[in-house]
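Here are my notes for you, written as numbered points. Keep the model open while you read, and find each residue as it comes up.

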Amino acid sequence: MTVITENRITTPEMDSCPSWCVIDHTGDHPEDVFHRGSYAAFSVPDGSAMPTLNEKAEIPRLTAHMVTPEFAEEPEAPSMVVVDCGDLWGPYAELDLEQTDEFIRQGKAFLARLEQIREQLATALKEQQS
Ligand SMILES: [Zn+2]
């Protein structure tokens, strides 16, 4: 059983959830004070993660989801897109609509460059086989 010894900031009412919210606000998790949408995740294939000198193998992962803060001190807080590394308590960014557009442009440029790199890999593998 979990005992809450301090008053929570504010828990959104279930009936006030936007249609895209996927959070069960009846729990006692501190992150429940946000309305959050479902994730978009970008990662590498399973089994491809490699250990570093200091860390065990960890899959590189980037996630994004929509959030509306529901703090009592800031009832009109704007909705935003939160981008993180799949760890709610790790590094993250809060993007407005314009910044989200820029991030999407960067993602498309990344994928276009990745396709070029993929062709380099295919050529190199072909040369190594001959
Ligand atoms: Zn909600």
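**Notes on the strands, the helix and the first segment**

1. Let's start inside the sheet: alanine 64 has valine 83 in β4 as its bridge partner. Strands here are DSSP runs of E with at least two residues, helices are runs of H or I with at least four residues, and both are numbered from the N terminus. The pairing around alanine 64 belongs to β3 and strand β4 (residues 80-84), which are joined in the antiparallel sense by five bridges. Two strands count as paired if DSSP finds at least two bridges between them.

2. Before going further, please remember that this is a predicted model, where local features need pLDDT of at least 70, side-chain atom pairs count only at pLDDT 80 or more, and totals for chains, interfaces and linings use all residues. Residues are numbered from 1 along each chain as its sequence is written.

3. How sure is the predictor? Its confidence in each residue is given by pLDDT, from 0 to 100. The protein chain has a mean pLDDT of 83, with 82% of its residues at 70 or more. Among its elements, α1 has the highest mean pLDDT (97) and β1 the lowest (86). Do take care with residues 1-10, where pLDDT stays under 50.

4. Now step back to the whole chain. Its secondary structure consists of five strands and one helix, in the order β-β-β-β-β-α along the sequence. Of the 130 residues in the protein chain, 4% are buried. (A residue is buried if 20 or more other C-beta atoms lie within 10 Å of its own, exposed if 12 or fewer, and partly exposed in between; C-beta atoms are placed from the backbone.)

5. Next, look at the other partners of β3. Strand β1 (residues 34-36) runs antiparallel to strand β3 (residues 61-69), and three bridges join them. Within this pairing, threonine 68 in β3 is found opposite histidine 35. Strand β2 (residues 40-43) is also antiparallel to β3, with four bridges between them. Which residue of β3 is the bridge partner of alanine 41? It is threonine 63.

6. Proline 18 deserves a visit, in the segment before β1. Is proline 18 buried or exposed? It counts as exposed, because it has 12 C-beta neighbours inside 10 Å. Even so, proline 18 touches His35 and Thr68, leaving aside residues up to four places away in sequence. (Two residues are in contact if their C-beta atoms, placed from the backbone, lie within 7 Å.) His35 and Thr68 are the pair that stand opposite each other in point 5.

7. Aspartate 32 also lies in the segment before β1. It is partly exposed, because 19 other C-beta atoms lie within 10 Å. Its C-alpha atom is 9.7 Å from that of proline 69, although the two residues are 37 apart along the chain.

8. Finally, follow helix α1 (residues 97-129). Its 33 residues reach 48 Å from the first C-alpha to the last, close to the 48 Å expected at 1.5 Å a residue. (The expected span is 1.5 Å times one less than the number of residues.) Zero of the 33 residues of α1 are buried, so the helix lies largely in the open.

Note on methods. pLDDT is the predictor's confidence in each residue, from 0 to 100.
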